Amino acid sequence: MTNIALIVAAGKGTRTGLDIPKQYIEIAGKTILRWTIEAFLQHPDIDAVQVVIAEDGRAQYAAATEGLSLLAPVIGGAERQESVWRGLEALLAHVPQYVVIHDAARPFVSGDLISRTLQALEAGAEAALPALSIADSLKSLEDGRIAGSLDRGRIVAAQTPQGFAFAPILAAHRTFAGEGLGDDTAVAERAGIEIVRIEGETGNIKITTPDDIATARQRIAGALTDVRTGFGFDVHAFTAGDGVWLGGIHIPHNAALKGHSDADVALHALTDALLGAIGAGDIGTYFPPSDTRWKGAPSDQFLTHAAGLIASRGGVIAHVDLTLICEAPRIGPHRAAMRERIAGLLGLPEDRVSIKGTTTEKLGFTGRQEGIAAQAVATVRLPE
Ligand code: MG
């Protein structure tokens with residue numbers, strides 16, 4: 001293993017106005033942290049990704065990174081410098097040649113910028129810093145008043161990923177621990193490491209304020225303009241039993257649902273809605289009832305498979321809406337649990353999951369309590 005990305009996500013930054021750390025804010029169905037991680041995972045020259053997280057961020061991290069192949073997360077320290085140091089110590093076992101250290105709140109890092117950072121290292125630099133020239137004229141302040149003008153030709157704005165030969169940056173962090181230095185090139189400077197400047201990217205913003213969140217939403221939404229809708233429908237009959245699987249949860253009842261799998265009619269309809277949105281066949285295409293592997297199987301895996309197909313096309317699920325049609329069991333008392341479960345399976349916030357129950361006024365097969373029917377609709381956004 002040679003090139004490792006170290007992503008710093010231990011901060012508590014809440015200047016966005018939301019009461020969660022900014023890296024866990026969701027944009028178009030994914031957290032900012034996940035967008036950032038995926039940029040590095042998708043880069044052909046990055047061999048592994050490790051994230052430094054806050055002690056109390058374990059559950060948020062686990063939810064944000066579900067299904068991704070990452071090195072085990074490292075718990076950070078009180079300050080950024082200590083967090084990175086801990087991350088570097090944990091990487092020692094993987095013997096990296098180069099490490100690129102990146103802010104979790106910069107999800108728009110391009111593959112090209114990662115490539116150019118690595119190329120500078122391969123060309124012999126011990127440290128490489130992407131930085132932007134500043135177009136505005138620069139002034140110094142004293143007590144809130146303009147005190148003078150600065151030469152903007154001598155100033156650049158630093159970004160990440162900051163790239164380093166692994167051994168010298170680890171040594172620098174060990175030597176200058178606890179000095180409260182702002183970023184890793186500041187640590188490198190302190191150690192006398194020569195830093196090569198490469199051109200930064202104006203798009204590589206660090207999400208900090210509510211305006212940044214709005215900009216980020218617009219940029220991501222702008223890239224996912226192919227909006228699709230899919231519909232799903234399913235029916236299962238009642239049989240003898242003492243409960244039903246419905247929406248991924250078990251509900252005690254005076255009957256069970258009959259089927260090859262666990263007969264979760266709600267998840268089957270939802271799975272078909274997701275598959276329908278991307279024109280990818282139906283549930284039987286992937287999980288034929290003739291296959292004994294799916295006998296009695298929990299239906300949650302059908303749903304996550306369909307969600308995975310959408311993710312593999314670079315898409316996101318915007319919304320799902322499920323209607324359960326039966327006289328009994330009553331849906332209302334179980335709606336919250338079902339919603340939480342389905343949101344969890346799809347990696348969506350709960351306000352993107354809707355669950356409704358209705359009856360057919362005792363008419364037809366659902367009215368006679370012979371079975372349960374489910375309808376689902378899903379909205380999916382794909383890249384053009
Ligand atoms: Mg079915």
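These are my notes on a magnesium site and three helix contacts in a predicted model.

**Ground rules.** I number residues from 1 along each chain as its sequence is written, and I use side-chain values from heavy atoms, with hydrogens and water left out. Because the model is predicted, local features need pLDDT of at least 70 and side-chain atom pairs count only at pLDDT 80 or more, while totals for chains, interfaces and linings use all residues.

**Entry 1: the metal.** I looked up which protein atoms are donors of the magnesium ion. They are Asp234 (OD), His236 (NE2) and His268 (ND1), at 2.1 to 2.3 Å from the ion. Donors are N, O and S atoms within 2.8 Å of the metal (3.2 Å for Na, K and Ca); water is not among the atoms, so sites may look incomplete. Along the chain I read their spacing as D-x1-H-x31-H. The pair of His236 in strand 13 (residues 226–239) and His268 in helix 8 (residues 265–277) links distant parts of the chain, 32 residues apart. Helices (H or I, at least four residues) and strands (E, at least two) are DSSP runs, numbered from the N terminus. I noted both His236 and His268 as buried, meaning under 20% relative accessible area (exposed is over 50%, partly exposed in between; 1.4 Å probe, protein chains only).

**Entry 2: helix 8 and helix 10.** I followed helix 8 to its contact with helix 10 (residues 300–312); their axes come within 9 Å and cross at roughly 15°. Axes are lines fitted to C-alpha atoms, for helices over the stretch in contact, and angles run from 0 to 180 degrees between N-to-C directions. The two helices are therefore roughly parallel to each other (under 35 degrees; over 145 is roughly antiparallel, 65 to 115 roughly perpendicular, the rest oblique). In helix 8, the residues that meet helix 10 include the donor His268. Contact means heavy atoms within 4.5 Å.

**Entry 3: helix 10 and helix 11.** I went on from helix 10 to helix 11 (residues 335–346), where the axes come within 9 Å and cross at roughly 45°. This pair is therefore oblique. Asp300, Leu303, Thr304 and Ala307 in helix 10 meet Arg341, Ile342, Leu345 and Leu346 in helix 11.

**Entry 4: helix 3 and helix 5.** Last, I checked helix 3 (residues 80–91) against helix 5 (residues 166–175): the axes come within 10 Å and cross at roughly 135°. That makes helix 3 oblique to helix 5. Among the helix 3 residues in this contact I listed Trp85 and Leu88, and on helix 5 the list includes Phe166 and His173.
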